[in-house]
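Work through the following exercises with the sequence and the model at hand, and settle each task before reading its solution.

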Amino acid sequence: MTKIFSLSQPIEADIVDAFCSLQKGFTDQFVYYDKARACRYLGLGRCIALPTLDEVEYEREGEVAQPPVFFSFNRFDAENPAPTDELFEAFPRLRFMLPEVVLIENERGRLLQVNSLGPVYAGRVARFARQALAAPPRQREEVPYTLESDSREAWREAVGTGLAAIEGGRVGKVVLSRRQKLVAEKPFSSKDLLVNLIDGDARGTVLLYRYADVFFCGCTPELLVRKHGSNVESMCLAGTCPAGSTEEDRVRLADGLMADAKNRAEHDYVVQFIREVFNRTCYDVDVPSEPGILPLTHVQHLHTPARAHILEGVDLWEMKGDLHPTPAVAGTPVGEAKMLLRSIETYNRGFFAGACGYVDGDGDGAFSVALRTGVFDGEIGWVYAGCGIVAGSVADDEYDEIGMKLKTILSAFDGGGAAGDERSA
């Protein structure tokens with residue numbers, strides 16, 4: 001049995017400013033920051049890492065009954081025998097990571113949490129609180145970069161292989177991805193990208209996992225599963241069109257997306273999958289029969305929300321395992337699509353399209369699908385995005401769609417001035 005002592009108290013500080021000020025003293029950093037709602041957790045340091053939460057008990061201290069917050073960053077295909085690149089390979093294979101310090105903004109307000117394996121030392125809490133309150137306002141930082149082009153011809157070959165598998169009946173859909181190498185013109189930090197994603201125009205949930213000198217980050221639009229008490233939520237997100245340059249354009253493109261048979265079929269694979277998982281593990285399942293539109297900065301998606309009450313005995317980690325990967329990031333059938341991806345993609349995705357999020361000591365929390373993300377070392381990095389291939393997909397159209405999606409992670413290098421340099425190298 002592992003016993004954790006967790007002290008939480010209100011704090012009248014901007015939690016992002018506080019994180020930026022405190023982060024210099026910690027090499028391990030974790031962020032799950034929903035830009036649209038008060039579901040924001042920023043962790044510093046590592047108190048302990050655990051393979052399971054089954055044998056954990058905790059003692060809450062402080063003014064607020066906030067349970068300890070564990071972060072969990074999981075690979076897209078953890079059993080893929082192909083090695084990841086050297087940046088992803090630097091991350092340890094850990095499951096639940098409890099930070100020493102967590103800055104929180106949720107339904108309980110803004111909080112400072114300090115975790116320990118012994119009673120929490122009051123002087124340490126006071127020191128962190130003083131530093132957080134004295135934090136200066138954060139500043140955005142422009143980071144010029146060069147993006148090396150990947151091969152359009154190689155992409156056409158990959159899509160051709162996927163279409164052949166679809167025509168042969170092996171899969172109904174496969175989700176292929178592209179990655180591009182980014183080289184910065186000056187050193188940059190995880191803090192720089194975090195601030196640009198939070199304060200920039202990217203929509204969704206900002207993710208960050210830093211370990212020593214490498215870090216994984218991005219801003220994803222896709223919730224995998226959220227649990228609060230017996231209530232659970234997910235979303236079906238598949239089918240894409242451009243955002244448009246005006247409101248008139250946006251509406252016209254969205255109407256076209258709603259009427260497009262190929263995109264609707266791609267979306268329906270995800271709806272069927274999530275509805276089946278919810279029907280096995282939940283009751284009072286509500287998955288609408290018709291999708292809506294989720295407008296983002298650079299693209300729009302077909303979107304169907306899913307809500308239910310979780311059955312007794314089913315936990316958030318089990319739901320995460322049942323739902324991930326969905327047909328939105330792998331294909332369908334999911335298992336066969338994963339095997340096909342291993343043979344088509346020339347790289348291991350690492351955390352890209354993995355399930356990343358947090359769970360607290362009471363079993364509540366959220367996981368998002370790590371889309372529109374990249375992995376970096378402060379000088380170079382790799383950026384990732386993908387798209388679904390179904391019968392009728394055109395390779396060049398899908399290549400260009402991924403280019404639109406990559407703009408989200410590339411916005412992490414935009415300090416609010418001119419956009420990053422996307423020259424081919």
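**Exercise 1.** Determine how many bridges join β13 to strand β22, and in which sense the two strands run.

*Solution.* In this predicted model, β22 covers residues 373-376, and four bridges join it to β13, the two strands running antiparallel. To place the pairing in the sequence, note that F215 stands opposite F376 of β22.

**Exercise 2.** Describe how strand β12 pairs with β13, and find the residue with a positive phi in their hairpin.

*Solution.* Begin with the pairing: β12, made of residues 205-211, and β13 are antiparallel partners over seven bridges. Next, locate a facing pair, which is given by Y211 and, opposite to it in β13, V214. Finally, turn to the hairpin itself, where two residues lie between the strands and A212 takes a positive phi near 55°.

**Exercise 3.** Decide whether the two faces of β13 are covered or open, and explain what this says about the strand's surroundings.

*Solution.* Take one side to begin with: V214, F216, G218 and T220 are all buried. On the other side, F215, C217 and C219 are buried as well, and both faces are therefore covered. Since buried means under 20% relative accessible area, the count can be read directly: seven of the seven residues in 214-220 are buried, so β13 is largely enclosed by the rest of the structure.

**Exercise 4.** Classify D54 as buried or exposed, and name the surface patch to which D54 belongs.

*Solution.* D54 is found in the loop between β4 (48-50) and β5 (56-62). Its relative accessibility is 62%, and because exposed means over 50%, D54 counts as exposed. Together with E55, D315 and E318, D54 forms a negative surface patch.

Notes:
Residues are numbered from 1 along each chain as its sequence is written. This is a predicted model: local features need pLDDT of at least 70, side-chain atom pairs count only at pLDDT 80 or more; totals for chains, interfaces and linings use all residues. Side-chain values use heavy atoms; hydrogens and water are left out. Buried means under 20% relative accessible area, exposed over 50%, partly exposed in between (1.4 Å probe, protein chains only). Two strands pair if DSSP finds at least two bridges between them. Patches are made of residues with over 30% relative accessible area and no salt bridge: like charges are joined within 9 Å, nonpolar side chains (Val, Leu, Ile, Met, Phe, Trp, Tyr) within 5 Å. Accessible areas come from the Shrake-Rupley method with a 1.4 Å probe; for residues, only the protein chains shown count as cover. A salt bridge is a side-chain nitrogen of Lys or Arg within 4 Å of a carboxyl oxygen of Asp or Glu. Lys and Arg count as positive and Asp and Glu as negative; His and the chain ends are not counted. The place of a charge is taken as NZ of Lys, CZ of Arg, CG of Asp or CD of Glu.
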